[in-house]
Structures are given as structure tokens and as C-alpha cells.
Amino acid sequence: MPIVSADIRDDIAVITIDNPPVNALSLAVRSGLSRELALVNSDDRVEAIVIVCAGRTFCAGADISEFGKPPMDPSLPDLMTEMDAIEKPLVAAMHGTALGGGFEVALCCHYRVMDTGTKVGLPEVNLGLIPGAGGTQRLPRLIGVNAALDMITGGKPIDARKAVELGVADMLSADDLLEDAIMFARSLPPQDSVRRVSDLTVHADSEIFDIYKQKIAKRARGFLAPFTVIEAVKIATEMPFEEGIDFEREKFKELVASPQSKAQRHLFFAERAAAKIPGIDRSTPTRAINSVAVIGGGIMGCGIAINFLNVGVPVTLLEVSSEAADAAREKISKIYRSSVSKGRMTEEELLTNLANLSLSTEYEELSGADLIIEAVFEDMDVKKDVFAKLNAVAKPGAILATNTSFLDINDIASATSRPEDVIGLHFFSPAHIMPLLEVVRTGDTSDDVIASAFALAKNIRKTPVLSGVCYGFIANRMSSCYGREVGLLQLEGAGVEQIDQVMYDFGMPMGMFTMLDMAGIDIGVMARAKLSKDDYDERAFAVHGALVERGHKGQKSGSGFYIYDDDKTLNSEVETIAEEMAEKFGIERRTVSDQEIEERCVLALVNEGYKILEEGIALKESDIDVVFALGFGFPRYKGGPMHYARHLGLKNCLKNIEKYANTQGERWWTPSALLVKLAAEE
Ligand code: T1G
């Protein structure tokens, strides 16, 4: 079937786009649409035109794979100009997810008929862009400034019901979309049949835009595109349509070429590429996961359970006592009640999800589960004991997963007689919110278990990344290097607030010390207590230990690196402890520059990332970027540590790593051999 075709049904022309998988507006689609529109527009038999898409969705946007390549005509804006010249009623028949340019094509139509399951949106900001085919000019004309600003700066789609409410959709179809759209086209009153959105006007007080910039200041911090959206929408209220389009086009071209958009587009593809594993594909069998057991009703166990309850999978949560089990249910109920109060779920959904939760204190009751995930205390002996018990009761073919953050899963699996069924499913706290799932395979994990883990990740709306086994896997191994440098910098004289501020300004959601206080300083102190001094730099974490000894465990104890009372203020003891520790380890205190802080924190991640690749723990650089963007909030407009290193230049990174090898010593700053190789090839 041609990518774009037209057929005449009595007096209605139906133009069908068929460009799998998502009808992206590739050159072939744009050319075909332009050709077929011109033909039917000049065909006297045709009274109205319906545009519909085959497959799973109306056009899902411009073809992102074309970005960065020389533009090929007709461009999408050119196509929009042609559409705006059409003299016959244009009706978009929409289903699936009409996003970006796909939604802009629909906005360029005179009317929109949507299947009830349709979602529409302008997610360009997620790619570091603004809509580039009239979205910032047409949408406010159709739904008003505030609703348009919400949709475009937020980048989130709205459903068909909301689309009707806002005036984007003219009719919903619950049956045969195309027939309904044809009927709708025939029913148009001749005097109002051509209703160009570009002919509408929109006005707003100019201060609305300054207020809106303040409104998004926190969530859009560091990003260019959302603020450019505000500028473009403001223009729509001040200039004629054509001038607004020119402004939008210029800004779009600037952003397409920007490092921010390249970084965000990199992550878009990286998140999808993470699911592509050599030797595992759609032909790899997967095990059905229709029931899940979670062992441990702590914060992580409850968060993990919620992921499955949210998608209708029954969960049995096992605890050591009925009191502990009841407490776990209460934790889950509390999280759900909070979601209901925020309008994120209905009371009915709360009741349905909780009805799918069973509690138990007996391992035998887990024998029917397809997947069992332990989230017990981070101790090897405890976990091996759990897996020995699971080995005795779990049904054949059950997947046995551990949520360990650091420990050797090969060793955990050795407690069972079925190591091929054992896998790591490392969730990030809070487990029901953070989108990353680190899937850790051992030397024995079978391919179908890995494939099953990736399938379940998609089902619970997580982004999976595959890791091999090493201490801390990809995420925590690299994060501990960042933590090491932060600890050493503090001993060397950099202030806690200075270090936090530098990395906050870099784009991290919060500084490392703030994050440690939030997670609990004692967690890391306990984990390191089990390590040999060869495995980490005790100097870097000496202050952590001293604080915990004095009862400063972080937010949970009211004080850590900071004091948490009415405000968050620096704990005055920290500087004294740092001076004591610096003296103890013979570290000369000095003034440390912001630049050194940023370089050492970022390059520690980069160097360790390349070592992780060398060892085969991570499959590709982009996987590491996904881990850090989704697991630690590395700024998406910098693309992740590895993308950012390439942006800086690998030769430049290597030069600075060698600089720190000289000043800090070879132990932690020996350059990765892979980095040396790649820098030489750059
Ligand atoms: N262009 C090219 N390929 C795309 C694509 C796109 N826009 N969207 C998805 N794909 C590919 C994807 O790489 C994967 O390929 C397959 O489709 C399935 O995707 C001018 C400039 C539509 C909600 O941002 O949000 O328009 O790996 O695994 O989970 O103003 O894809 O199978 O080979 O994600 O069902 C704006 C991006 C572009 C939408 C479907 N549009 N896509 O999700 O499948 S900028 C977007 C999505 C723009 C205009 C501007 C999702 C989806 P492969 P998938 P899914």
C-alpha cells in the first residue's frame, strides 16, 4: 500500500497515510500528502476531504530520525501553508497518539474527529524544541493562551475528552472512526465548512507571560525550550499569523541546532535503544507474569508492589509478622490515598488496587507466584537465606528477583538450585515513581528471564537498562565515584553548600549532600562497613561516619549535613568534623574552585562509565546516560554523562582526568583504557 493514498467515496475524498510504526511525517509522507491534497482539492467531485492514518496511530510527529540532516522539501511548514490554502473542508480523523507535527497537521485541518481513546499533544519540549509547524500559533487561537501554554510547555498529551472540553475536538467517535468522520464532513454547513484556525485571533494581557515564566521556573530550570514556547505564544497574541509563523520557525531552527536539543533527542532514542539487547529479540520467549510476590514491606517493597497493583497484577506481600504486614498495607494505602487526594487516581481505582493486595507471613503461600521480588535488608546473608527459602517453595519457572542495590547476585543465586531463574530488578526510590529499572543479569540468568524482565518493565511503565554484575552495577558504582569526589572535595576545603550549589547549578535536581540527607547518611555508612578498605576511599566518607555516630543521620533524624527545622541550614558541626578528618588524613585544606568541583564530579562519572563499558557491565554508552538521567536526574538537556563527555570532547575530558591523576593520585584517576582509545580516535 502506498505511504499516502486517496480514494473518493461519493463526494468525500479520504486520504490515508500508512507509514509504520507511528506514521511519522517523513519526507515520503509530506510529499504524498502534498500531492494527494492538491489532486483532491482540484477534483470537482470532491466536496470535503478527510485525512486518516492506518495502523496504530494518527501521525505521531515529525520524523525524528530526519533531525540534524539537511532539510528536504516539502518541509512540514510548507505543507501547512499548502493545507491552509485548501478551499474545501479538511477533517482530521484521529486515533492513537497524535503528537507534535502530527497534532499540528490536525490543527491545520478545519475540523477534528477523534476516536475516544485518542491522545493529542505537543511534546516537542521533551526534545528540547518548540513546535515547528504552527503549533505555538494555532493552538492558542483554538483553546486560549493559558491552556495552550500548559499543553506546550508541559509537553504532556491530553485525552479525547479533554480535547472536546478545550474545543480541539469537534466530535468523538466510539465506533467506526472513518465512517463517523465522513458523516461529519458531509454534515458541515456550507457557510461554515472551511474554518481555518489561522484565521482566528487570540489576545492576552502581556503580564500573563511573565507570570507563566515564574510558574514554570522551578520545573523548567535550565531548559531553553519551555521559555521559548512562552515567547512564541506571546507573539501569537501580538502579531499577524504569518509573522508568528516566521518567529516560530526561526526559534525552532535555533533549538534544533542547540546542544540542549541534541542531548534530549539523544536520550529519546537512548531510552528506546536500551531495550535492544544482542541475542534477545521479539522471538525470545517470555514467561507470563500474572501474579507477583514481594518480600519485605519496607519503603522499597511497598513501592515495588504498587507498580504491579497499578497495572492490575495481584501482589502477595510477605513480611515477618502480621503486624509488619499490616503496616505495609497501611503504607501502600497511604500512598494511594495521597494520589486520590491529588486527583491522580480515583477512589474506585484505589479500592481495586488494594483488593489485589494480599498479605502473608508464610513462604509457602508464595508458591503460585510467577515472579517473586525480594526487597529485604541489604545484607548478603539475609538475602541468601531468603533465596534458599524461595528455592524450596517457588513453583518451577518462577522468576526469582532481588532488588539489591550493590550485592553480587551471582552469590545470591548460589543459594538456589535454579540460578538461571535469578535476576536483579533494581528499582530506584521511590520505587513507584522513579522511571528507571536496572535489570541485572548474572552469569547464569537465562535469556527468557531477561526478556521477561524487559517485558514486565514496559508493562509497569518503567524504562529498563541491562547491567552485568559488579559492586553497585551501573548506577550505584558510578554514583559512589561522584560521592567519593564530593567527600574528598569537602575535606580539601570546599564547603558543603558550595559543592551542593555547583552541582545544582550544573543541573542536578539537588546536591549530593542534600540527597544523602534525604536518603539517610547511615545507609551508606552501613553498606561500606561490609567493604574492605581497598574497595573505597575511607577518607571521602569519614565525615559521613562521624555524623552518624553523633546521631546526624539526615532528614529522618532532623539533622545530617544540614539541620532541618523551620528551614534547612548548614549543620555547624560539619565544618569542624571536616577539618578534623583533613588533619587525620593529612589533607591540606585550600580554596577549591567551582570549576574543579564540577570537573571532578562529572569526570569521575565519565571515567567510571568507560571502565564499566570496558568490563562489559554496560552494553553501550547510551545505556549509561539513561541510567543517570532517569535514576539520578542528570539534566536531560545535557544528555547524560557519556553524551556530555562527547559534547565536551573526549580529548578534553582525558586531559582533565590526567590532570586529576596528577593532583589526586592514580588510585581513582587512572584514565579508562577505552576512554584513551576513543579519545585518540576522536
Ligand atoms: N519519528 C521517528 N520514529 C519514531 C517517532 C518519531 N516521531 N516516534 C516513535 N518512533 C519510533 C521509535 O523510535 C520506535 O522505533 C517505534 O517508533 C515505536 O516507538 C514539527 C518537530 C508515539 C507515544 O515526540 O512519544 O513533531 O525502535 O517504542 O511506546 O513540531 O514513540 O521500533 O524501530 O516509543 O508505543 C514530536 C515521539 C516529534 C513523539 C509511541 N513527536 N514518540 O510510543 O512506541 S517533534 C514526538 C513517542 C515534532 C513538530 C516537531 C512514542 C509514541 P523502533 P515507541 P510506544
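# Briefing on a predicted model

Pro430 sits in the loop that runs between strand E15 (422–427) and strand E16 (436–440). The peptide bond joining Ser429 to Pro430 is cis, with omega at about -10°. The structure is a predicted model. A search of the whole structure gives 43 salt bridges, and the count of aromatic pairs comes to 12. The points below cover backbone geometry, charge pairs, surface patches, aromatic rings and burial.

**Backbone geometry**

- Most residues other than glycine have a negative phi, and most peptide bonds are trans.
- Besides the bond at Pro430, a cis peptide bond links Asp73 and Pro74, where omega is about 0°.
- Pro74 belongs to the loop between strand E3 (48–53) and helix H2 (76–84).
- Asp10 is not a glycine, yet has a positive phi of about 60°.
- The loop that holds Asp10 connects strand E1 (4–9) and strand E2 (12–17). Asp10 counts as exposed because its relative accessibility is 64%.
- Phe473, also a residue other than glycine, has a positive phi near 50°.
- Phe473 is placed in the loop between strand E17 (463–467) and helix H18 (475–492). With a relative accessible area of 0%, Phe473 is buried.

**Salt bridges**

- Side chains of opposite charge can pair when their charged atoms come close.
- Glu165 and Arg161 form a salt bridge with an N to O distance of 3.4 Å. Both residues are in helix H6 (residues 160–166), and because they are four residues apart, about one helical turn separates them. Glu165 and Arg161 are each exposed.
- Asp421 and Arg287 form a salt bridge in which the closest N and O atoms are 2.9 Å apart. Asp421 is in the loop between helix H16 (409–413) and E15, while Arg287 is in the loop between H11 and E10, so the pair ties together parts that are 134 residues apart in sequence. Asp421 is buried, its relative accessible area being 7%.
- Asp522 and Lys556 meet through their side chains in a salt bridge of 2.8 Å, N to O. Since Asp522 lies in helix H21 (residues 521–529) and Lys556 in the loop between helix H22 (542–549) and strand E18 (562–564), this salt bridge ties together parts that are 34 residues apart in sequence.
- Within that pair, Asp522 is buried at a relative accessible area of 10%, whereas Lys556 is exposed at 53%.
- Salt bridges also link Arg484, Glu485, Glu492, Arg590, Glu596 and Arg600 into a network.

**Surface patches**

- A patch of negative charge on the surface consists of Glu242, Glu243, Asp246 and Glu250. Glu242 is part of helix H10 (residues 241–256) and counts as exposed, with 53% relative accessibility.
- Arg56, Arg272, Lys276, Arg282 and Lys458 make up a positive surface patch. Lys276 is in the loop between helix H11 (259–273) and strand E10 (292–295). The relative accessible area of Lys276 is 60%, so this residue is exposed.
- Phe377, Val382, Ile523 and Met526 make a nonpolar surface patch, and together they have about 350 Å² of accessible area.
- Phe377 occupies the loop between strand E13 (371–374) and helix H15 (380–393). Its relative accessibility of 49% makes Phe377 partly exposed, since exposed means over 50%.

**Aromatic rings**

- Among the 12 aromatic pairs is that of Phe268 and Phe269, whose ring centres are 5.2 Å apart and whose planes are at 85°, so the pair is edge-to-face.
- Phe268 is partly exposed at 23% relative accessibility, and Phe269 is partly exposed at 39%.
- Phe428, Phe628 and Phe632 are linked by ring pairs into a cluster.

**Burial and a contact in space**

- Helix H12 (residues 299–309) is mostly covered, with 10 of its 11 residues buried. Among the buried residues of H12 are Met300, Cys302, Ile304, Ile306, Asn307, Phe308 and Leu309.
- Ala236 is in helix H9 (residues 225–238) and is buried, with a relative accessible area of 3%.
- From C-alpha to C-alpha, Ala236 and Pro140 are 7.5 Å apart in space, while 96 residues apart in sequence.

Conventions: Residues are numbered from 1 along each chain as its sequence is written. This is a predicted model: local features need pLDDT of at least 70, side-chain atom pairs count only at pLDDT 80 or more; totals for chains, interfaces and linings use all residues. Side-chain values use heavy atoms; hydrogens and water are left out. Patches are made of residues with over 30% relative accessible area and no salt bridge: like charges are joined within 9 Å, nonpolar side chains (Val, Leu, Ile, Met, Phe, Trp, Tyr) within 5 Å. Accessible areas come from the Shrake-Rupley method with a 1.4 Å probe; for residues, only the protein chains shown count as cover. A salt bridge is a side-chain nitrogen of Lys or Arg within 4 Å of a carboxyl oxygen of Asp or Glu. Lys and Arg count as positive and Asp and Glu as negative; His and the chain ends are not counted. The place of a charge is taken as NZ of Lys, CZ of Arg, CG of Asp or CD of Glu. Helices (H or I, at least four residues) and strands (E, at least two) are DSSP runs, numbered from the N terminus. Buried means under 20% relative accessible area, exposed over 50%, partly exposed in between (1.4 Å probe, protein chains only). Rings of Phe, Tyr and Trp (its six-membered ring) pair if their centres lie within 6.5 Å; planes under 30 degrees apart count as stacked, over 60 as edge-to-face and the rest as tilted.
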